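Work through these exercises with the structure open beside you. Try each task before you read its solution.

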Amino acid sequence: MSTQIAASNELYLAQARACLNVQDCESIYDKWASTYNAEVGDSAQNYVAPTLVAHVALHQASKINPSGKSSVILDAGCGTGLVGQAIAVTGAQHLIDGLDISPAMLDVAAKTGAYRSLAQADLTRRIPDVVDETYDIVTCVGTFTLGHVGPEPALREFIRITRRKGIVVATILEQIWVSGRFKTEVEILKEEKLVTVVSEELIDYVKGHGDKAVLLVLEKTDRGLKQ
């Protein structure tokens, strides 16, 4: 990575993690979109989380539909489409929709050809135009981090739109797992018998920064979520 690109990545990342509101996030990612993939995909950054989550999603899809039937997946906070691409490159024929706050990021994601549909959405609010129990799997990578989206209402919304016995796969930056109340929200969802925790492990996130994240896999219970 050139010194100029590396400096650009550090600048945008710092700005993104310091966002104070949704409008700030949208503006920063709109500016970052054209160079985002080149920057985070460089070996100096080694942003491995999208590939790790894609592998987990594919494994869970094979369990949900062992006959090989296509799963319907929502990539929430899809950005430029790294998770969708990582799923599509395997040749798996799943139907993937994407949501993101940044129109410019969505434009890049559209060019991958990995998505059935893409739409702008603010994940700090109820997800519009998505009915209950729509998806087999919801993925969310790079969104539960500093200056971005908190656990409420996002995790509960993901459960709402996931089919019963469906799966939510999400990364949460390690340093906000407890302080950002993600761990607490997961415990509440468990106590309400809305989810079971399939796994919860610490993984590499952005190796170039030494960042770690909790890779959380939740299964929606048969009880589901009544609105």
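A salt bridge is a side-chain nitrogen of Lys or Arg within 4 Å of a carboxyl oxygen of Asp or Glu. Keep in mind that this is a predicted model.

**Exercise 1.** Decide whether Glu192 and Arg156 form a salt bridge, and say which parts of the chain the pair links.

Solution.
Step 1. Take the closest N and O atoms of Glu192 and Arg156: they are 2.8 Å apart.
Step 2. The cut-off is 4 Å. The pair therefore counts as a salt bridge.
Step 3. Locate the partners. Glu192 is in the loop between helix H8 (182–191) and strand S6 (195–206), and Arg156 is in helix H6. They are 36 residues apart, so the pair links distant parts of the chain.
Step 4. Check accessibility. Glu192 is partly exposed, with a relative accessible area of 30%. Arg156 is partly exposed too, at 23%.

**Exercise 2.** Find the distance between the closest N and O atoms of Arg126 and Glu157, then state whether each residue is buried or partly exposed.

Solution.
Step 1. The closest N and O atoms are 3.8 Å apart, and the pair forms a salt bridge.
Step 2. Arg126 lies in the loop between strand S3 (117–120) and S4, while Glu157 lies in helix H6 (residues 154–161), so the salt bridge ties together parts that are 31 residues apart in sequence.
Step 3. Buried means under 20% relative accessible area. Glu157 has 6%, so Glu157 is buried. Arg126 has 47% and is partly exposed.

**Exercise 3.** Which residues share a salt-bridge network with Arg126?

Solution.
Step 1. Follow the salt bridges that share partners.
Step 2. They join Arg126, Asp132, Glu157 and Arg160 into one network.
Step 3. Now set this beside the total: the count comes to 13 salt bridges.

**Exercise 4.** Describe the surroundings of Asp136 in strand S4.

Solution.
Step 1. Place the residue: Asp136 is found in strand S4, which covers residues 135–144.
Step 2. Asp136 has a relative accessibility of 8%, so Asp136 counts as buried.
Step 3. Look for polar partners. The side chain of Asp136 makes a polar contact with the side chain of Arg163, at 3.1 Å. A polar atom of the Asp136 side chain also lies 2.8 Å from the backbone nitrogen of Val72.
Step 4. List contacts beyond four places in sequence. Among them are Ile64, Asn65, Ser70, Thr162 and Gly166.

Methods. Residues numbered from 1 in each chain as written. Predicted model: local features only at pLDDT ≥ 70, side-chain atom pairs only at ≥ 80, totals over all residues. Heavy atoms only, no water. Helix = DSSP H or I, 4+ residues; strand = E, 2+ residues; numbered from the N terminus. Buried < 20%, exposed > 50% of the residue type's maximum accessible area, 1.4 Å probe, protein only. Polar contact = N/O pair within 3.5 Å; in protein donor to acceptor, adjacent residues only side chain to side chain. Contact = heavy atoms within 4.5 Å.
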